[in-house]
Amino acid sequence: MVTFHRPVDLAEALQVRAETGAIPLAGGTDLLVRHRNWAGTLPRIDKPVVYVGHLQELRRIDISGNGSGPQMTIGASVTYSELLDHPTTPQLLRDSIIELAAPGLRNVATLAGNICNASPAADAACALYALDAEVELAGPSGRRRLPIAEFITGPGRTVLNNDELVTAIHLPPDNSTVKYYKKVGTRRANALSKLSLCACARIVDRTVTDIGIAVGAVAPTIVRDRDIEQHLQNTATEQVALRIPQALQQYAELIRPIDDQRSTAEYRKHTALALIEQFLTHELH
Ligand SMILES: Cc1cc2nc3c(=O)[nH]c(=O)nc-3n(C[C@H](O)[C@H](O)[C@H](O)COP(=O)(O)OP(=O)(O)OC[C@H]3O[C@@H](n4cnc5c(N)ncnc54)[C@H](O)[C@@H]3O)c2cc1C
């Protein structure tokens with residue numbers, strides 16, 4: 001038997017969470033699978049559950065912005081299908097969602113669920129790393145906001161407190177001119193990543209002015225390294241090739257995959273480095 005709370009608004013959801021430590025439930029596509037039981041029986045969850053998928057405060061997509069482009073605020077309970085329908089959703093995020101699970105699941109599953117699950121193989125989270133997303137949390141002492149790389153601290157671990165909820169994901173304007181998304185999985189649909197690469201860059205007057213490279217499923221958390229990126233920034237496109245060997249050497253140190261049922265560490269490392277090389281060699285022109 002699971003105690004199930006269906007609060008009327010965010011304030012009540014936070015109150016339930018603070019008073020009972022109830023586990024948040026959005027689409028349930030991770031949570032209910034994690035707690036699945038014998039076939040034909042209900043999931044077994046030893047704590048109360050608080051449903052947040054219907055809360056209006058978390059179901060909004062807001063667009064704001066200044067001269068540099070639209071900023072997106074994506075409510076925690078917005079589904080993947082709604083994001084695919086929205087004209088402002090950045091192409092890199094869109095590409096990661098199109099290959100995530102299958103349409104029926106995307107009708108209920110959420111970005112917030114993907115990042116709170118904190119799997120290093122989380123596909124949408126990988127795009128959010130490359131896009132400089134920030135996570136907004138609410139709790140009894142108010143709201144706080146932090147970069148996604150600070151929100152996720154390890155496999156299955158985040159800084160979310162027991163009395164907090166994720167309320168939104170913030171995306172700064174996406175001014176990239178190059179986008180590159182590659183997911184390596186066993187099938188085209190309903191397959192978790194063996195590894196993935198989400199990368200974007202801005203090229204102005206044949207110079208790389210900005211770059212973001214995130215690699216999924218190759219380390220305890222998604223890999224993104226600002227120092228390596230800085231070394232590639234402000235480089236004329238025809239000079240990028242000179243910097244690739246050093247960048248690959250640095251990524252080789254950060255990419256520390258494991259063997260599991262989906263792939264081997266050796267395959268993951270080899271393929272991740274090959275994809276980074278392909279992006280740097282063939283996309284930045
Ligand atoms: C068949 C299948 C295929 C899949 N394929 C993929 C895939 O290709 N790529 C991929 O990355 N994932 C995949 N997944 C995993 C899953 O669908 C995603 O991670 C999804 O984004 C989870 O979202 P959800 O809303 O269902 O989360 P839930 O299951 O509802 O929750 C997941 C976690 O987030 C927490 N949570 C949810 N909302 C909040 C909130 N507002 N505040 C705080 N905590 C919250 C929950 O407590 C739980 O710990 C697949 C799952 C299935 C079953």
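Here a colleague asks a modeller about cysteines, a strand and some rings in a predicted model.

Colleague: Let's start with the cysteines. How do you know that C116 is not in a disulfide?

Modeller: Its closest cysteine sulfur belongs to C126, and that is 17 Å away. A disulfide needs the two sulfurs within 2.5 Å, so C116 is too far off for a bond.

Colleague: And what makes C200 fail?

Modeller: For C200 the closest cysteine sulfur is in C198, at 8.8 Å. Set that against the 2.5 Å cut-off and the pair is too far apart for a bond. By this rule the count of disulfides is zero.

Colleague: Why is C200 called buried, and what is C116 called?

Modeller: Buried means under 20% relative accessible area. C200 comes in at 8%, so buried is the word. C116 has 28%, which makes it partly exposed.

Colleague: What makes you say that strand β10 is largely enclosed?

Modeller: Seven of the seven residues in β10, residues 165-171, are buried, so the strand is largely enclosed by the rest of the structure.

Colleague: Which strands pair with β10?

Modeller: Strand β5 (residues 69-75) does, antiparallel, over four bridges. There, M72 has L171 of β10 as its bridge partner. Strand β6 (residues 134-139) also pairs with β10 in the antiparallel sense, over five bridges. L137 stands opposite V166 of β10.

Colleague: On to the rings. How many aromatic pairs are there in the whole structure?

Modeller: The search finds two. F4 and Y51 form a stacked pair, with centres 6.2 Å apart and 25 degrees between the planes.

Colleague: Why is that one called stacked?

Modeller: Pairing takes centres within 6.5 Å, and stacked takes planes under 30 degrees apart. At 6.2 Å and 25 degrees, F4 and Y51 meet both cut-offs. F4 sits in strand β1 and Y51 in strand β3, so the pair ties together parts 47 residues apart in sequence. F4 is partly exposed at 46%, and Y51 is partly exposed at 21%.

Colleague: What makes the pair of Y180 and F279 tilted?

Modeller: Their centres are 5.5 Å apart, with 45 degrees between the planes. Stacked would need under 30 degrees and edge-to-face over 60, so 45 degrees counts as tilted. Y180 lies in strand β11 and F279 in helix α11, so this pair ties together parts 99 residues apart in sequence. Y180 and F279 are both buried.

Colleague: Last one: where does K194 lie relative to Y267?

Modeller: K194 lies over the face of the Y267 ring, at 6.0 Å from its centre.

Notes. Residues numbered from 1 in each chain as written. Predicted model: local features only at pLDDT ≥ 70, side-chain atom pairs only at ≥ 80, totals over all residues. Heavy atoms only, no water. Buried < 20%, exposed > 50% of the residue type's maximum accessible area, 1.4 Å probe, protein only. Helix = DSSP H or I, 4+ residues; strand = E, 2+ residues; numbered from the N terminus. Pairing = 2+ DSSP bridges. Phe/Tyr/Trp six-rings, centres within 6.5 Å; stacked < 30°, edge-to-face > 60°. Lys NZ or Arg CZ within 6 Å of the ring centre and 35° of its normal.
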